[in-house]
Amino acid sequence: MNQLSMSFDEQRDVNYLQFDPKTVVNDLQKAIPELDLVGLVHSRKWCCEMLHCITLGSSTTDGESNADEVEDGINLNITARELGTSSSLYLMAKSYFDLREYTRCAHHLRNCTSGYGFFLRLYALYLDGLKHRCDDFVDVFPDTASNQRQATTKASLDNAWLIRLRTELTTSEKNQQLNGYSCYVYALVLKRLGLLHEALPYFVRTIKAVPHLWSAWEDLAMLIDSEQKLHSLDLPKHWIRNVFYARCYVELHKPELCVYICKELTQIGFQNSTCILLLQAKAYETGAELQLARTCCEEARTIDPYNLDSMDIFSNILFVLEDYHALAGLAQKCIETEKYRFETCIVVANFYSIRNDHARAIQYLTRALRMNPDYPAAWILLGHEFVEGKNHAAAINAYREALDLNRRDHRAWYGLGETYEIIKMYNYALYYFKEAFALKPNDSRYSNALGEIYERTQKLHEAKKCYWRSYCVGDIEGNALAKYAHVCDHLKDEETAARAYMEFIRTQELRQVKNFTEFSHAAEFLANYHVKKRQYDQACSYARKCLEFPEVKNAAKDILNKITGLREGQQQLKDKEITQQQTSGPIPTAQSTIHEFDSSSTTTID
């Protein structure tokens, strides 16, 4: 049965909003030209994709083939009051914005204090600050401890542009209420300054005013750290809220809820949406359903073979599945499509990593982060590569950069714990493993890691509990029972250890033996255990299993020789007892006496 399936009661608690697909089409038709007007190209692209998919789905469902009824967008008649300036000046500034000449755009709109012109000026200044930050990031890449300190100091000094923007927005809000787009810039500034609690209500205000602004929904999703906070938000009853909920459920490690929403969206017309398919793939990846995640990614590539969005996630899935040829093909296709795209660099880095060429992988991940330093998954991958290259200080810096961007990413916490464990700083490792376990308590890898740290620090009872939990929640790695038995053996609980080892060997044989080291030690332990119990047949069976493994082969031969000696000794003892009985004469039994009596009686009668 699929692990991500849901009961009827769980489906009822998802809070899925029903809506009419025709309303979606009309909404998107109005949203696309407006998003184009204010320069939010990513949200416009997203709306265009959703309109295209819902249009195809609707025509297919209704059985109509009249494609002329739906257009990509419509022209908006915007007054000078709504623009905040003249149309010619706004369109000129907008052209500078489209060409990424942000300072020039802001300069020509310097007198705008309201409307779309005010937003465009503020957003241009915000993007210009990010552009300068990326340029500085290229000069000082935090791959060493000294560079990390230098980059951090420079970043703190460069926050002056954010403070100026916040001051101007605060002053403007006192004079007049900010529109939805200006609220979005204010929320971005507050989020960049680390004022997350203050940013959240501005994101909500933005969504209420401009519900089709998908970027605001995405940024808001990164601020949701619990399901209670998610359901406490006063969000509009808009169809995009369903996609937002699905996105949040992935971040909250509830993939089954995300999959349910994605399937509902697919049924009402979004079956050709690569966005929904890739979101569903991410949910399956979070739920460790890697084959299902791969299928969703492949379907998305079939629909749009030149789409590079989320292809880094697809490459991660192929990496974990160890499909070298598929990953090589994906990397080649991405390079042919757009060589210097951010996602392409990560895909190529994963390709080099699976080939154990970690230096080249670091090179491509560094290139990706210079294009987008605010992507936590890339920092985590970079940390992994630094660990493989034994650059532990740089790995720790990379993982911490990821945590600064997303505190709820369990992979960064786990990476820090693993790195500190390698350098034998077990108290630090214990802290970071606990944080990872708190975020994802049903992941057996994290409880296993906790158990190993407890075992290293001689806290055997805690280690025993962790290993048992790993076994109960699924045991992805397949060695929790062996570790549990090992700890029980150290605690002198031989009976429990023997039962655990027996179950471990049984499950490993069903899996055709994946953990050879643990299997051999388990078989050796059980062979010795049964020898002590004088159960020589069972002992021989486990000892013969040990002969298949070189590390315990000699010990297995010794056990078999010992069993042979013990059996010979037992046989000699039995023979000696029989000889003594024959020497002392037979002992009459009641049956033999009766028989002799009957024989004599018969003879007398004859």
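Is Cys183 buried or exposed? Select this residue to begin the tour of what is a predicted model: with a relative accessibility of 2%, Cys183 counts as buried.

From there, move to a second cysteine, Cys258, which is also classed as buried and has a relative accessible area of 0%. Display its sulfur together with that of Cys262, which holds the closest cysteine sulfur, and the separation comes to 4.0 Å, too far for a bond. A disulfide would need the two sulfur atoms within 2.5 Å, and by this rule the count comes to zero disulfides.

Next, select residues 240-251, which form helix α14, an element of twelve residues that reaches 17 Å from its first C-alpha to its last, close to the 16 Å expected at 1.5 Å a residue. Colouring this helix by accessibility is instructive, because twelve of the twelve residues of α14 are buried, so the helix is largely enclosed by the rest of the structure. Among these buried residues are the charged-residue positions to pick out by name, Arg241, Arg247 and Glu251, as well as Phe244, Tyr245 and Tyr249. Just after α14, centre the view on His253, whose backbone takes a positive phi of about 60 degrees.

Finally, go to helix α30, residues 516-532, and select His530 within it. At 4% relative accessibility, His530 counts as buried. To see what surrounds His530 once its neighbours within four places in sequence are left aside, show Met502, Gln535, Gln538, Ala539 and Tyr542, with which His530 is in contact.

Methods: Residues numbered from 1 in each chain as written. Predicted model: local features only at pLDDT ≥ 70, side-chain atom pairs only at ≥ 80, totals over all residues. Heavy atoms only, no water. Helix = DSSP H or I, 4+ residues; strand = E, 2+ residues; numbered from the N terminus. Expected span 1.5 Å × (residues − 1). Buried < 20%, exposed > 50% of the residue type's maximum accessible area, 1.4 Å probe, protein only. Contact = heavy atoms within 4.5 Å.
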